[in-house]
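Me: I've got a model open and a pile of labels on it. Can you walk me through what earns each label?

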Amino acid sequence: MKKILFFGDSITDCGRNRDNDDSLGQGYPLLIKSELGFENPERYTFLNRGISGNRIVDLYARIKKDLINLAPDYVSILIGVNDVWHEIGRRTEFLPKNMNYSMI
């Protein structure tokens, strides 16, 4: 059986139940399982290790636990949205000149 690991941020997490290793959430991991699992029900195992709010450094910090130790055959990594908005949130040159910066 081939193991597919989804590794990333909130787009990967998408409401998964962290108390249940079989939980895929409501996002793209579930859609992929629905398609591949329907076509090949005994061929794949699916694992979701997305965590909302994670950035690239967070994935790096848990790469041994959530990637290497699980030894997947295939990995989907979707990350970067949080890295971008954390950076843009600190840089006012991207914001309109007439914006009230006390709201940020």
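**Salt bridges and other labels**

Reply: Sure. By the usual distance rule, the count comes to 4 salt bridges. Keep in mind that the model is predicted.

Me: What makes Asp 13 and Arg 18 a salt bridge?

Reply: The cut-off is a Lys or Arg side-chain nitrogen within 4 Å of an Asp or Glu carboxyl oxygen. The closest N and O atoms of Asp 13 and Arg 18 are 2.4 Å apart, so the pair qualifies.

Me: Why is Asp 13 called buried?

Reply: Buried means under 20% relative accessible area. Asp 13 has 4%, so the label is buried. Its partner Arg 18 has 46%; partly exposed covers what lies between under 20% and over 50%, so Arg 18 counts as partly exposed.

Me: How do you know that Arg 49 and Asp 21 form a salt bridge?

Reply: Their closest N and O atoms are 3.6 Å apart, and the limit is within 4 Å, so the pair counts. Arg 49 lies in strand 2 (residues 44–50) and Asp 21 in the loop between helix 1 and helix 2 (28–39), so the salt bridge ties together parts that are 28 residues apart in sequence.

Me: Are Arg 49 and Asp 21 buried or partly exposed, and what makes them so?

Reply: Arg 49 has a relative accessible area of 11%, and buried means under 20%, so Arg 49 is buried. Asp 21 has 48%, which is neither under 20% nor over 50%, so Asp 21 is partly exposed.

Me: Which residues does Arg 49 contact, leaving aside its neighbours within four places in sequence?

Reply: Arg 49 is in contact with Leu 5, Phe 6, Phe 7, Gly 8, Arg 16, Asp 21, Arg 62, Asp 66 and Leu 70. Asp 21 in that list is the salt bridge partner.

Me: Why is the pair Arg 55 and Asp 58 called a salt bridge?

Reply: The N to O distance is 4.0 Å. The rule says within 4 Å, so the pair is counted. As for accessibility, Arg 55 has 30% and Asp 58 has 26%. Partly exposed is the range between under 20% and over 50%, so both residues get that label.

**The sheet**

Me: What makes strand 2 and strand 3 edge strands?

Reply: The protein has 5 helices and 3 strands, and the 3 strands form an open sheet with the order 2-1-3 and parallel pairing. Strand 2 and strand 3 (74–78) each have a single partner strand, so one side of each is left without a neighbour in the sheet. Neighbouring strands are turned by 15 degrees against each other on average, direction ignored.

Me: How do you know that strand 1 and strand 3 pair?

Reply: Pairing takes at least two bridges. Strand 1 (residues 2–8) and strand 3 have 5 bridges and run parallel, so they pair. One of the partnerships is Gly 8 with Leu 78 in strand 3. Helix 2 packs on the sheet, where this helix touches strand 1, strand 2 and strand 3. The direction of helix 2 makes about 175 degrees with that of strand 2.

Me: What pattern do the helices and strands follow along the sequence?

Reply: Read along the sequence, the pattern is β-α-α-β-α-α-β-α.

**The surface and a loop**

Me: What makes Ile 11, Leu 78 and Val 81 a nonpolar patch?

Reply: Patch residues need over 30% relative accessible area and no salt bridge, and nonpolar side chains are joined within 5 Å. Ile 11, found in helix 1 (residues 10–13), has 38%, so this residue passes the accessibility cut-off. Together with Leu 78 and Val 81, Ile 11 forms a surface patch with about 230 Å² of accessible area.

Me: Why is Cys 14 called partly exposed?

Reply: Cys 14 has 30% relative accessibility, between the limits of under 20% and over 50%, so the label is partly exposed. Cys 14 sits in the loop between helix 1 and helix 2. Not counting residues up to four places away in sequence, Cys 14 touches Gly 25, Gln 26 and Gly 27. Cys 14 and Gln 26 are 12 residues apart in sequence and 5.5 Å apart in space, C-alpha to C-alpha.

Me: And how much of the protein is buried?

Reply: Buried residues make up 29% of the 104 residues. The protein exposes about 7,000 Å², with carbon and sulfur atoms supplying 57% of that area.

Note on methods
Residues numbered from 1 in each chain as written. Predicted model: local features only at pLDDT ≥ 70, side-chain atom pairs only at ≥ 80, totals over all residues. Heavy atoms only, no water. Patch = residues over 30% accessible without salt bridge, like charges linked within 9 Å, V, L, I, M, F, W, Y side chains within 5 Å. Areas by Shrake-Rupley, 256 points an atom, 1.4 Å probe, with all protein chains shown as cover. Helix = DSSP H or I, 4+ residues; strand = E, 2+ residues; numbered from the N terminus. Buried < 20%, exposed > 50% of the residue type's maximum accessible area, 1.4 Å probe, protein only. Contact = heavy atoms within 4.5 Å. Axes fitted to C-alpha atoms, helices over the stretch in contact; angles between N-to-C directions.
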